[in-house]
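Let's take a walk through a protein structure together. Keep the sequence and the 3D view at hand as you read.

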Amino acid sequence: MNLRRRLSIFWTTLALGASAKVIPTENVTDEGTPFMHFLAFDSNQTCASDKHAMPFNNQIRGVNLGGWMVLEPWITPSLFYQFLGGDETNTAMDHYSFCEVLGPKEGNKQLKRHWETWVTEAIIRELADSGAVNSLRVPVGDFMFEPYGPYIGCTDGALDYVDTLLDWAHAYGLSVLLDVHTQKGSQNGFDNSGQTQGFQWTSRISNYPRGLTTFQHWPIRAAHWIGDFDSEAVNYTNINHDNIAHSLRVIENLVDMYAGHPAVLGVEPVNEPWELTPIEELKSFYWDSYLIVKRKAPYWKFIMHDSFRFTPETWGGFMKGCPDRALDTHIYQAWMDPSSRLTFYNNACAQKQQIALMEREFGPVIVGEWSLATDNCAMWLNGFNDNLPGFPRSPCKYIPCSLPYMGSDQPGTPVDSGAALQGPYGTGISGPSFGLCPVDRDWMTERYNNAEGGSSWVSSPPEAPRGRDGTDEVMSLLALKKISAFSGIGHGFYFWNFRTDLYNPQWSYLLALKRGWIPKGDLNDDRIMNSCHREDVGAFVCEANREAPEEAVKNGISYALGEEKKDAAHVDRLTGEPLYSEGDTVFDAFWKSHRATGATCDFGGAAVLKEENVTHTDDYYSDDYYNAVEVKTVATWKIVLLVVIGTLVGSLTGFSLAMKLSPKFSRKVRSSTMLRPVTSSGIFRQSFGNLLEPGLQGYAGISMD
């Protein structure tokens with residue numbers, strides 16, 4: 001028995017206790033399958049008798065450790081520069097082809113160097129010390145738990161690094177969500193699934209005007225994890241039960257390894273299954289995975305991605321009554337059309353309404369990925385040497401490509417500063433050119449009083465001229481609004497990503513902290529709480545859930561009162577509507593008092609958010625909407641008058657000084673025939689007589705020719 005398995009058994013024994021009893025799911029009856037804390041009903045994929053052993057009362061405020069265990073070229077381009085200029089036989093553009101092209105020996109050598117340097121203990125300590133992070137979402141590959149294809153041998157040793165990370169996280173007080181980021185056959189066709197799907201080399205038809213190595217991906221994207229996808233009919237012709245069985249074994253292996261590790265918060269069984277995934281098949285996979293997890297890790301959270309369908313129609317009522325499950329949604333602005341800062345501000349704050357709706361209709365919601373990017377410029381964001389058709393929407397800023405983070409031994413680095421954009425070429429443009437790499441654009445400062453509303457950004461240069469860079473201003477305010485929307489209403493968030501290879505703070509939590517865009521500390525800040533006040537069309541109240549059992553409401557009230565050291569003896573005597581009314585008062589007061597420090601409107605399923613139309617006057621808040629200095633305009637005639645007066649005053653001052661300090665100038669003025677009417681006047685003699693050279697005062701007005 002290996003060390004990891006022995007440790008897992010040890011931690012599981014501690015977590016469950018000696019009397020813990022695990023009941024297999026084979027004992028299914030009409031009364032439901034009993035688990036430690038609930039009953040599960042296979043017939044309708046719901047649960048009952050939830051004991052609320054681990055209520056979701058604390059918000060997640062975390063970051064993703066992306067690009068570490070699952071390669072994404074845009075996050076760590078230094079690993080993929082070696083494939084620039086390649087052809088059909090030696091180009092890699094995702095984790096799968098990285099191992100396929102390099103082979104197990106060289107691939108594993110480079111990966112180990114990457115694993116050792118991309119995530120370090122110093123970085124985990126820095127995240128913890130920020131005071132604003134309490135959890136890490138760690139993307140892992142399915143191939144790490146059951147290797148297949150070119151992953152065999154190439155990814156050996158990956159789990160040892162995960163073990164070390166979990167120990168670091170535990171030491172620094174951080175929880176870890178293990179996110180299965182890849183699936184066999186690809187769940188979405190993206191490179192972040194491990195293997196780009198829907199791909200075709202087109203070099204044979206790219207011979208004129210010059211021979212190029214070309215490919216296409218986005219126009220023919222597909223995903224074959226759940227089954228065979230027909231791109232013409234835009235549906236699945238069959239379901240691949242072997243792939244699904246593989247994924248379920250991966251979940252079981254993962255739980256077996258880490259069931260009792262104190263740092264593990266839970267698992268997300270699949271990341272971003274695309275929107276065309278058959279929803280009933282996906283729900284069945286989630287249900288089966290959930291039962292596997294709860295059979296062996298009864299205290300874990302179970303997080304499900306929304307499959308890009310964040311709607312009550314899709315998820316309302318699913319797994320109702322089942323403890324410890326939450327819905328993950330990913331909210332990005334990077335793929336929006338170019339627009340004003342006001343558009344991005346309003347869009348960020350508007351997410352509150354949908355999150356609150358889903359909290360009511362489904363349950364706990366986590367924003368598992370978000371960033372501060374407002375454009376699509378990050379190099380290779382849409383694939384290695386590729387881009388979505390029509391992207392990027394605006395010209396991008398270019399900066400010197402970074403030196404390799406893993407050291408100078410990395411092949412292909414540094415980028416050739418003498419080479420223009422290299423192939424192979426996809427359907428869009430993105431890549432290094434002459435040693436420069438594209439990154440997110442700058443925001444320009446706004447002329448506040450002219451109500452430009454951010455439109456100048458659309459036509460402005462990608463790199464702001466000196467003195468006109470408003471990026472810090474816009475990003476800081478946008479971050480406050482997003483944090484307010486994601487943590488003020490839902491159950492928290494994970495920022496994507498913790499770092500980037502290129503200098504791109506819109507996608508790097510660590511760089512955003514250094515720039516001051518994201519606050520440090522516990523996020524208990526009035527700037528965050530009030531940052532969406534002008535965008536909000538209403539406010540929210542935390543009320544007792546009328547569908548929750550009375551016992552759950554009593555437990556929730558007792559918890560809230562107990563946390564504030566208040567007497568809860570009267571709660572046991574309440575029943576019916578008086579009980580729920582008491583819950584309305586207690587839950588709302590507690591949530592509003594503590595949501596800035598991480599409280600959620602949950603209370604073990606006893607509470608739910610409701611929208612209430614409340615408005616405040618602008619002077620209720622102290623923060624400036626634009627966070628900018630107002631510039632006053634001045635009428636044109638006033639500017640002209642000031643210039644004329646300034647010119648006259650300056651001229652007279654200069655003339656006086658010259659008359660006093662330069663005898664030669666003084667003689668010239670006195671002897672000038674053109675100026676004689678002026679110099680012979682009484683006013684001039686009275687004003688400048690004392691400035692004449694000694695012995696000449698009596699000769700003022702007499703020609704010295």
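**Rings, charges and a helix**

A good place to begin is a group of rings: Phe-80, Tyr-81, Phe-83, Phe-98, Trp-380 and Phe-384 make up one aromatic cluster. Bear in mind as you look around that this model is predicted.

How many aromatic pairs does a search of the whole structure find? The search gives 39. A pair of aromatic rings is described by two things, the distance of the centres and the angle of the planes. Try this on Trp-118 and Tyr-405: their ring centres are 4.8 Å apart and their planes stand at 55 degrees, so this pair is tilted. An angle over 60 degrees would have counted as edge-to-face, and one under 30 as stacked.

Now see where these two partners come from. Trp-118 belongs to helix α2 (residues 95-118), while Tyr-405 is in the loop between β15 (397-400) and β16 (436-439), so the pair ties together parts that lie 287 residues apart in sequence. Are they buried or exposed? Both Trp-118 and Tyr-405 are buried.

Next, turn to Tyr-148 and Tyr-151. Here the ring centres are 5.3 Å apart and the planes are at 85 degrees, so the pair is edge-to-face. Tyr-148 is buried, with a relative accessible area of 12%, and Tyr-151 is buried too, at 1%.

Tyr-148 has another partner worth finding. The charged end of Lys-184 sits over its ring, 5.1 Å from the centre. You can look for a similar arrangement at Phe-56, where Lys-301 lies over the face of the ring, 4.7 Å from the ring centre.

Let's go back to the loop between β15 and β16, which also holds Ser-402. Which residues does Ser-402 contact, leaving aside its neighbours within four places in sequence? They are Asp-501, Leu-502 and Tyr-503. With Asp-501 there is a polar link: a polar atom of the Ser-402 side chain lies 3.1 Å from the backbone oxygen of Asp-501.

Our last stop is helix α5, residues 241-258. From first C-alpha to last, its 18 residues reach 26 Å, close to the 26 Å expected at 1.5 Å a residue. At the N-terminal end of α5, Asn-240 acts as a cap, with a side-chain oxygen 3.2 Å from the backbone nitrogen of Asp-242. Follow the helix along and you will meet its buried residues, among them Asn-243, Ile-244, His-246, Leu-248, Leu-254 and Tyr-258.

How values were computed:
Residues are numbered from 1 along each chain as its sequence is written. This is a predicted model: local features need pLDDT of at least 70, side-chain atom pairs count only at pLDDT 80 or more; totals for chains, interfaces and linings use all residues. Side-chain values use heavy atoms; hydrogens and water are left out. Rings of Phe, Tyr and Trp (its six-membered ring) pair if their centres lie within 6.5 Å; planes under 30 degrees apart count as stacked, over 60 as edge-to-face and the rest as tilted. Helices (H or I, at least four residues) and strands (E, at least two) are DSSP runs, numbered from the N terminus. Buried means under 20% relative accessible area, exposed over 50%, partly exposed in between (1.4 Å probe, protein chains only). A charge sits over a ring if NZ of Lys or CZ of Arg is within 6 Å of the ring centre and within 35 degrees of the ring normal. A polar contact is a pair of N or O atoms within 3.5 Å; within protein, one must be able to donate a hydrogen and the other to accept it, and residues adjacent in sequence count only if both atoms are side-chain atoms. Contact means heavy atoms within 4.5 Å. The expected span of a helix is 1.5 Å times one less than its number of residues.
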